[in-house]
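Let's walk through this structure together, from its overall form to a few of its charged side chains. Keep the 3D view open as you read.

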Amino acid sequence: MLTPPASVALAWSSELLGYDFGVGHPMAPARLRLTIDLIRALGLLDAPGLRMVETTEASDELLATVHDRDFIAAVRAGGDGLRDPVRGLGTTDNPVFPRVHEASARIVGATVAGAEEVWSGRSRHAVSLAGGMHHAMAAAASGFCIYNDVAAAIQWLLEHGCERVLYVDVDAHHGDGVERAFWDDPRVVTVSVHQSGESLFPGTGFAQDVGGPNARGCAVNVPLPAHTSDIPWLRAIEAVVAPLAEEFAPQVIVSQHGCDTHRRDPLTTMDISMDGLRAAAVLIGELAERHSGGRWLATGGGGYDILSTVPRAWAHLVAVSAGVDLPGSTPVPASWREEVAALGDLEAPQTMGDGVDVTFRTWVEGFDPDDPVDRAIMATRRSVFPWHGLDPLTA
């Protein structure tokens, strides 16, 4: 666990619940409302050093640092019901709705506010739970993501003097939009550990995809087999991210914590437990402590089991960021369980974890060529590590 307890900015406003694609869409705002309510019920809002940071809508000028202005205009028009399927607006994944621009821009504003907190030194860590819209492209919405708040936050850091940003994405889906934004920028290393594009949207993110001609090795992809479980998943994150963090020496680590890797998620086929999700947050936070001066900006992302998984996963993320010990055996507060039950006689989880031991064997303890996850890890290390002067076998 991170020690001592860290100052952490939680970028939040109830207006972030306005990002609402409508009834039946997987990206339901209830997942955020339930998360904040669980965080409050656990007493995390009273953690030493935690501050709520108010959010504002990102300006068109800020959005234009990562998005085409014609696309921004199309999103604004979507609020009046104008569909633009060529730009991904008004599709099944990304329906348009009233004030879609304003709702999407507020998510960007929240994540950029977190970047400002961390880079200014006002907070060591920042969390933007509504953020993590990693599929949005410069000129198109994609995969439930209208504007790319993560790319905007990283670009803001670069424009305000940061020279090296490490982005770590542990969502089940490839972080394609963020990767594309910095494909040829050697100041940003993007690492995505995800279910292989051979079996999951967006169908990209393979080991040989390593970045543009000016940034070879700065795009890092670890595509894992469907049904990968906790221990190999954590091993993959550690085996790739830890050596790169040490070599690259980022000034800020930005991470995306989509929890759709959880075994209960209805849209993916990974097999990660709540204990594994918490362990990944701890691992990334510890890397920030060692390699980026503690500067760490974490976002939410995917996650569509909105009652059991998302609130617990992101409550853990806030706890880890604040240096609060919240073991998996911690009982879920009765008040929050009653809130869930009132939504439709639904049963909430009893504890904050799934009771899984996630102790894993690190890469330096040996490579197993018969293990499909180890083979995936090795493929990534061989594709990327030489560009950083690292030995794929021993680093």
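A salt bridge here is a side-chain nitrogen of Lys or Arg within 4 Å of a carboxyl oxygen of Asp or Glu. By that criterion the structure holds 17 salt bridges. Please bear in mind that this is a predicted model. We will come back to some of these pairs after a look at the chain as a whole.

The protein chain contains 11 helices and eight strands. Its radius of gyration is 19 Å, close to the 21 Å that the globule rule gives for 395 residues, so the chain is as compact as a globular protein of that length. Along the principal axes, the C-alpha atoms fill a box of roughly 55 × 50 × 40 Å. Of the 395 residues, 61% are buried. Among contacts with a separation of 6 or more, 76% are made by residues 24 or more positions apart. The accessible surface of the chain is about 14200 Å², and carbon and sulfur atoms account for 51% of that surface.

Now turn to the sheet. Eight strands form it, with parallel pairing, and the sheet is open, in the order 2-1-3-8-7-4-5-6. Strand 2 (50–53) and strand 6 (219–224) each have a single partner strand, so they stand at the edges with one side left without a neighbour in the sheet. On average, neighbouring strands are turned by 15° against each other, direction ignored. At the strand 6 edge, strand 5 (residues 188–195) runs parallel to strand 6 and is joined to it by six bridges. If you would like one pair to find in the viewer, Thr190 has Ala219 in strand 6 as its bridge partner.

Back to the salt bridges, then. Glu117 and Arg122 form one, with their closest N and O atoms 3.2 Å apart. Glu117 is buried, at a relative accessible area of 6%, whereas Arg122 is partly exposed at 49%. Arg51 belongs to this picture as well: Arg51, Glu117 and Arg122 are linked in a network of salt bridges.

Another pair to look at is Arg187 with Asp185, where the closest N and O atoms are 2.9 Å apart. Arg187 counts as partly exposed at 35% relative accessibility, while Asp185 is buried, with a relative accessible area of 12%.

Finally, Arg263 forms a salt bridge with Asp271, the closest N and O atoms lying 3.2 Å apart. Arg263 is partly exposed at 39% relative accessibility, and Asp271 also counts as partly exposed, at 28%.

Note on methods: Residues are numbered from 1 along each chain as its sequence is written. This is a predicted model: local features need pLDDT of at least 70, side-chain atom pairs count only at pLDDT 80 or more; totals for chains, interfaces and linings use all residues. Side-chain values use heavy atoms; hydrogens and water are left out. Two strands pair if DSSP finds at least two bridges between them. Helices (H or I, at least four residues) and strands (E, at least two) are DSSP runs, numbered from the N terminus. Axes are lines fitted to C-alpha atoms, for helices over the stretch in contact, and angles run from 0 to 180 degrees between N-to-C directions. The radius of gyration is taken over C-alpha atoms; the globule rule is 2.2 Å times the number of residues to the power 0.38. Buried means under 20% relative accessible area, exposed over 50%, partly exposed in between (1.4 Å probe, protein chains only). Contact means heavy atoms within 4.5 Å. Accessible areas come from the Shrake-Rupley method with a 1.4 Å probe; for residues, only the protein chains shown count as cover.
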